[in-house]
Amino acid sequence: MTEEQSVLRYKMRPPVLNVQVEDSMDIMIVRDTTRRAASLLGFSPAYRAQLATAAASLAELVLKTGEAHTLNLNGVIDGIKDGLQISAETPWLQGVSANNVLVALKSKMGDLVDEVMLVNNPTPTIVMIVWVRS
Amino acid sequence: MVLEVLLVEDSKTQAAQIAEMLESVGLRVRVAYDGPDGLREAMDNPPSLIVLDVKLPTMDGFQVCRRLKRSPSTQDIPVIMLTEKAGPKATMSGLRAGADDYIPKDIFASEHLMETLEELGILQE
């Protein structure tokens, strides 16, 4: 299964939240909203911190392109696993090697997230997932 | 019973602000202004919670947290790192050191701190 297919196999679940990111002040809103979404899904404070940092890093990264964008947060289910998915459309990555983007993203995010993907949906979209540990 | 918090923070201004916030919800606060002092205070008289800055003189917050979590007398005390260092590497360093939460000092810091205190049972709703 390709990474593009695998993101589609996860069923979405609430919460579904969107944050409009226009300037660096909005990064704090992203952190706050992500912590709240993670709390609703039962993540511990430590994992909330991890998710909030991942979402803020993605928002900062996208903001560096100089354009306003929307960061999407939603719950996902894979069998009995619950997780939080963070995604942002990145149209400027059209035509860029997905491998190079993923290497750069994984290097920036380190162990913050369980999965990082670049999907064409049809716009290139960066998707990151962290699963709740039991 | 009044629960006690050990605050390890080198900035006197910030220590006063954080202490005031914690005292406003009924907690007693002791302050240590560097890492070694924080460790001594925690081991000599274990508090119910430790709020720990990262940028500290002599020994940084990550080192302090690692030592707290290694010592049998302090390993079960929840540690919340409250810091200006908000990047991925710093966050993972804090969590790997054993912190129970890692909160950047931004406009939502006090709200996030209070939520975590509630969840840890330090604050009663």
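## Inside chain B: a helix with many neighbours

The buried residues of helix 3 of chain B pack against five elements of that chain: strand 1 (4-8), helix 2 (35-44), strand 3 (49-52), strand 4 (79-83) and helix 4. Which residues of helix 3 (residues 61-70) of chain B are buried? They are B:Gly61, B:Phe62, B:Val64, B:Cys65, B:Arg67 and B:Leu68. Keep in mind as you explore that this is a predicted model.

One of those helix residues turns up again when we look at B:Val8, which lies in strand 1 of chain B. Leaving out neighbours within four places in sequence, B:Val8 is in contact with B:Ala32, B:Gly35, B:Gly38, B:Ile50, B:Leu52, B:Asp53, B:Leu56 and B:Val64. Is B:Val8 buried or exposed? It counts as buried, because it has 30 C-beta neighbours inside 10 Å, and the cut-off for being buried is 20 or more. B:Val8 and B:Leu82 are 74 residues apart along the chain, yet their C-alpha atoms are separated by 9.6 Å.

## Chain B as a whole

Now let's step back. Chain B contains five helices and five strands, and from the N terminus on they run β-α-β-α-β-α-β-α-β-α. The radius of gyration of chain B is 13 Å, close to the 14 Å that the globule rule gives for 125 residues, so chain B is as compact as a globular protein of that length. Along its principal axes, the C-alpha trace of chain B spans about 35 × 30 × 25 Å.

Of the 125 residues of chain B, 40% count as buried. Among contacts in chain B with a separation of 6 or more, 57% join residues 24 or more positions apart.

For a contrast with B:Val8, look at B:Thr58, found in the loop between strand 3 and helix 3 of chain B. B:Thr58 is exposed, because 11 other C-beta atoms lie within 10 Å and the limit for an exposed residue is 12 or fewer. Its backbone is worth a look too: phi of B:Thr58 is near 70 degrees, a positive value in a residue other than glycine.

## Chain A, the partner

Chain A has four helices and five strands, in the order α-β-α-α-β-β-α-β-β along the sequence. Its radius of gyration is 14 Å, close to the 14 Å that the globule rule gives for 134 residues, so chain A is as compact as a globular protein of that length. The C-alpha atoms of chain A fill a box of roughly 40 × 40 × 25 Å along the principal axes.

Of the 134 residues of chain A, 37% count as buried. Residues 24 or more positions apart make up 63% of the contacts in chain A with a separation of 6 or more. There is also a backbone detail to find: the peptide bond from A:Pro14 to A:Pro15 is cis, with omega near 0 degrees. A:Pro15 sits in strand 1 (residues 11-21) of chain A.

## Where the chains meet

How many residues does each chain give to the contact? Chain A gives 16 residues and chain B gives 18 residues. On the side of chain A, the elements giving two or more residues are helix 2 (25-40), helix 3 (45-63) and helix 4 (98-109). Helix 3 of chain A has the largest share, seven residues. By class, this side of chain A has seven nonpolar, four polar and five charged residues.

Follow helix 3 of chain A across to helix 4 (residues 88-96) of chain B: their axes come within 10 Å and cross at roughly 170 degrees. That makes the two helices roughly antiparallel, because angles over 145 degrees count as such. Here A:Ala46, A:Ala49, A:Gln50, A:Thr53 and A:Ser57 meet B:Pro88, B:Thr91 and B:Leu95. This helix-to-helix contact has four nonpolar, four polar and no charged residues.

## How confident is the prediction?

The model scores ipTM 0.89 and pTM 0.90. Chain B has a mean pLDDT of 95, and 98% of its residues reach 70 or more. Chain A averages a pLDDT of 88, with 93% of the residues scoring at least 70.

Among the elements of chain A, helix 2 has the highest mean pLDDT (95) and helix 1 (residues 3-9) the lowest (52). Over residues 1-6 of chain A the pLDDT is below 50, and beyond near neighbours in sequence this stretch has four contacts in the model. Where pLDDT is low, the predicted coordinates should not be read in detail.

Notes. Residues numbered from 1 in each chain as written. Chains lettered and ligands numbered in written order. Predicted model: local features only at pLDDT ≥ 70, side-chain atom pairs only at ≥ 80, totals over all residues. Contact = placed C-beta atoms within 7 Å. Nonpolar A, V, L, I, M, F, W, Y, C, P; charged D, E, K, R; others polar. Rg over C-alpha atoms; globule rule 2.2 N^0.38 Å. pLDDT = per-residue confidence, 0-100. Axes fitted to C-alpha atoms, helices over the stretch in contact; angles between N-to-C directions. Parallel < 35°, antiparallel > 145°, perpendicular 65-115°, else oblique.
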